[in-house]
Amino acid sequence: MFLRHVCKLIFRVFLFAMAFYLFFADVDKLNFTVIPDIGLNALFLFIIWISLTVDMLYRIIPNKRISMGARKHFTCSYSPAPLSAITPKSKKTQKGALLSISSWFLITATVLFLLHQLGLLTPAAVLLIVLAYAVFDLVFILIFCPFQVLFMRNRCCVVCRIYNWDYFMMCIPMILYPSVYSISLILLSLTVLIRWEVAFYTKPNYFTQETNENLQCRRCEDKLCLLRKKYVDNTYTP
């Protein structure tokens with residue numbers, strides 16, 4: 001799973017680099033509000049769309065092709081811990097989630113406002129932001145996550161409360177330029193988010209290591225923390 005995520009990061013960096021080049025060389029190829037005719041002109045936008053779509057479908061349909069952190073809301077990923085009761089949702093965890101989404105919203109709104117003031121806010125610029133977020137998403141998973149360090153304070157991505165918020169956070173800037181392309185991605189990301197939140201509130205025992213043995217370190221097969229900080233007693237150590 002670690003190598004799969006590394007490969008995905010390389011792929012997303014490539015997409016961002018290509019988009020950055022096209023932004024200056026042929027910006028029309030990044031305009032997702034007007035899908036060009038079928039052919040090479042539409043290929044790049046299609047590659048971005050299909051890669052995001054497939055990844056999001058994996059978050060909705062129960063499967064083992066994604067990390068445990070992303071599929072812990074599926075019944076097939078739940079293994080009851082012996083003699084454990086359903087633990088109530090931690091106020092600390094909920095506060096961390098709220099602070100995380102608030103900080104993301106503030107940063108995103110600031111960036112979009114500055115681009116607007118500079119006259120640079122276009123569909124192409126928004127797509128660059130989406131691809132930058134896609135890269136940051138995997139950097140946060142594999143190397144360093146500011147949301148974890150500053151707000152969530154959890155052990156790792158496996159037990160992260162907001163793991164499946166990522167695609168909604170990636171895609172929502174495209175709402176500024178509604179089109180078939182952008183709305184389809186936003187609606188799918190919203191479906192991922194709703195599916196996650198419904199499971200979180202109806203089956204909270206799926207989300208904690210105390211009640212789900214598959215979330216405990218000794219059961220971990222993903223090894224996504226190879227490049228991250230060490231943990232002591234399941235608590236993040238900065």
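1. pLDDT is the predictor's confidence in each residue, on a scale from 0 to 100. In this predicted model, the protein chain has a mean pLDDT of 90, and 90% of its residues reach 70 or more. Over residues 231-238, however, pLDDT stays under 50, and for this stretch the model has 17 contacts (heavy atoms within 4.5 Å) beyond four places in sequence.

2. Residues are numbered from 1 along each chain as its sequence is written. Because the model is predicted, local features need pLDDT of at least 70 and side-chain atom pairs count only at pLDDT 80 or more, while totals for chains, interfaces and linings use all residues; side-chain values use heavy atoms, with hydrogens and water left out.

3. The largest nonpolar core is a set of buried Ala, Val, Leu, Ile, Met, Phe, Trp, Tyr and Cys residues joined through side-chain atoms within 4.5 Å, where buried means under 20% relative accessible area with a 1.4 Å probe, protein chains only. This core has 60 residues, and those with the most contacts inside it are Ile 48, Leu 52, Met 56, Tyr 163 and Met 174. Its largest share, 14 residues, comes from α5, one of the helices, which are DSSP runs (H or I) of at least four residues, numbered from the N terminus.

4. Met 56 deserves a look in the structure: leaving aside residues up to four places away in sequence, Met 56 touches Tyr 167, Cys 171, Leu 185, Leu 188, Ser 189 and Val 192. Apart from the largest core lies another, of 5 residues, among them Met 68, Val 158, Val 159 and Leu 215.

Note on methods
Buried < 20%, exposed > 50% of the residue type's maximum accessible area, 1.4 Å probe, protein only. Helix = DSSP H or I, 4+ residues; strand = E, 2+ residues; numbered from the N terminus.
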